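Please look through the sequence and the 3D structure shown here. The report that follows goes through a selection of residues, helices, strands and charged pairs.

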Amino acid sequence: MKKKLSKILVGLLVVVCIVEGFFLYRAYVVPSSTLQTARKINRIEQIIDKYYKGSVKKSDLEDYTYKGLVAGLGDVYSTYYSESDFKELEESTSGVYYGVGIYMTQDIKTGIITVVKPVKGSPADGSGLKKGDVLIKVGNYKVKTSDALDDIVKKIKGAEGTKVNLTFTRNQTTKTYTFTRQSIENPTVETKMLKDQIGYLQVTEFDEVTVSQFKSGLASLKKQGAKKLIIDLRDNPGGLLTSVVDIASQILPKGTIVYTEDKNGNKKYYKDTKNEQLDMPLCVLVNGNSASAAEILSGAVKDRNTGTLVGETTFGKGIVQGFFEVGDGSYVKLTYSSYYTPAGHNIHKKGIKPDVEVKDNTKTKADEQLDKAISILQKK
């Protein structure tokens, strides 16, 4: 009886092991295509190690493997971010960074980096730097024409309270400036009063700081006697969906601002639920470089009949990207939905046609689009 019982137990254990092994296989089996890809990547790495003459940074090879995977989608708006890349992106979209406060540009042909202008209230403000000054050194590092502007900016940024020496040339004269890094809030809103009680408010991009800057800018214009308003969204590349929705809530009556729809047909509505709205005639300036979040605001103004769009047809980016965490601090940004204006228009690759079409004549010093908006508001 004991022998028989032991045989039964052994048999059960064998069955259990077989079943458990089957489920473990199902859980951990790797598709053959994935194995082939892994083998190919490993083979390429071996070839690089054996034959490549230059220096090799393994972390860069790894990051570009992931970047290449996402790039295979053929979507310019979808990409992979390493942990450090994502932290830099967070800083840029917040609109706040630690630096010295200098707008700079790089000539595409020559690679030379020059000053555009200092940021008001920054360490560089009042330093004497002028537009066109050429950056030649950051600390002891000599700037090369092959350097990317982003890489040089990284060298200039640093911890709050630390110092950095920047050397510039102007008309063959060289000067070194010592700046103490501090918190810089990127000015994304500029205002001024025009004639006939018309306030002008330009939004250059939609960052986190833009919401408060827009609110204070609008309040300032009203305090100066503005009875009519021009919002300039020309050359605004877009930004955060949450920011543009918050700004639209400050000027539109209650109702839908924009809604999105994902691949499964799920819709999400962004609505204005506040009693706050603009109490004056409005014109919005747009052009072919007004994109994404700038088009959300433009589309809402047009569909809700709360203002007049003046200028040229907008860029036409009607898709939304989201960030998905990979698990090690890195992220994948993917296009996951399309957005629609309140009237249900998806403007992707179409753009928004203004109510009043006016082209900017680059051969004249006049701003024909702004002048047209002023003339429209003068009649109201």
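Q172 is exposed in this predicted model, with a relative accessibility of 85%. The residue sits in the loop between β7 and β8 (173–180). Its phi is positive, near 65 degrees, although Q172 is not a glycine. Most residues other than glycine have a negative phi.

S292 is another non-glycine residue with a positive phi, here about 55 degrees. S292 lies in the loop between β15 and α8. Unlike an exposed residue, S292 has a relative accessible area of 12%; because the cut-off for buried is under 20%, S292 counts as buried.

**Confidence**

The chain has a mean pLDDT of 88, and 91% of its residues reach 70 or more. Residues 1–28 have a pLDDT below 50, and in the model this stretch has zero contacts beyond near neighbours in sequence. Where pLDDT is low, the predicted coordinates should not be read in detail.

**The loop before α8, and α8 itself**

N287 is found in the loop between β15 (282–286) and α8 (293–303). N287 is buried, at 10% relative accessible area. What does the side chain of N287 reach at 3.1 Å? The partner is the backbone nitrogen of D235. Leaving aside neighbours within four places in sequence, the contacts of N287 are R234, D235, E312, T313, T314 and F315.

Helix α8 is mostly covered, with nine of its 11 residues buried. The buried residues are A293, A294, E295, I296, L297, S298, G299, A300 and V301. Their cover includes α7 (241–251), β13 (255–262), β15, β16 (308–311) and β18. After α8 comes N305, which has a positive phi near 55 degrees.

**One face of α5**

In helix α5 (residues 149–156), L149, I152 and I156 are buried. Viewed down the axis of α5, the buried residues fall within an arc of 65 degrees, so they line one face of the helix. An α-helix has 3.6 residues a turn, so residues three or four places apart point the same way. Among the elements that cover the buried residues of α5 are β3 (102–106), β4 (113–118), β5 (134–138), β6 (141–142) and β7 (163–170).

**Two hairpins**

Two of the elements that cover α5, β3 and β4, run antiparallel and are joined by five bridges. M104 stands opposite V115 in β4. Six residues lie between the strands of this hairpin, and G111 takes a positive phi near 80 degrees.

Strands β17 (residues 319–325) and β18 (residues 331–340) also run antiparallel, joined by seven bridges. V320 is opposite S337 in β18. This hairpin has five residues between its strands, and G327 has a positive phi near 130 degrees.

**Salt bridges**

Side chains of opposite charge can pair when their charged atoms come close. How many salt bridges does a search of the whole structure find? The search finds 11. Three of them are listed here.

| Pair | N to O distance |
|---|---|
| K58 and D49 | 3.2 Å |
| E88 and K154 | 3.3 Å |
| D133 and R170 | 2.7 Å |

In the pair of K58 and D49, K58 is partly exposed at 44% relative accessibility, and D49 is partly exposed at 48%.

The salt bridge between E88 and K154 links distant parts of the chain: E88 is in helix α4 (residues 83–94) and K154 in helix α5, 66 residues apart. E88 is partly exposed, with a relative accessible area of 37%, and K154 is partly exposed at 42%.

For the salt bridge of D133 with R170, D133 lies in the loop between β4 and β5 and R170 in strand β7, so the pair ties together parts that are 37 residues apart in sequence. D133 is buried, with 2% relative accessible area, whereas R170 is partly exposed at 31%. Elsewhere, D232, R234 and D367 are joined into one network by salt bridges that share partners.

**Q378 in α9**

Q378 is found in helix α9 (residues 368–378) and is partly exposed, with a relative accessible area of 36%. Not counting residues up to four places away in sequence, Q378 touches K195, D196, I198 and K228. With D196, the contact includes a polar contact of 2.6 Å between the side chains. Q378 and S55 are 323 residues apart along the chain, and their C-alpha atoms are separated by 65 Å.

Conventions: Residues numbered from 1 in each chain as written. Heavy atoms only, no water. Pairing = 2+ DSSP bridges. Helix = DSSP H or I, 4+ residues; strand = E, 2+ residues; numbered from the N terminus. pLDDT = per-residue confidence, 0-100. Contact = heavy atoms within 4.5 Å. Buried < 20%, exposed > 50% of the residue type's maximum accessible area, 1.4 Å probe, protein only. Polar contact = N/O pair within 3.5 Å; in protein donor to acceptor, adjacent residues only side chain to side chain. Arc of directions from axis to C-beta. Salt bridge = Lys/Arg side-chain N within 4 Å of Asp/Glu carboxyl O.
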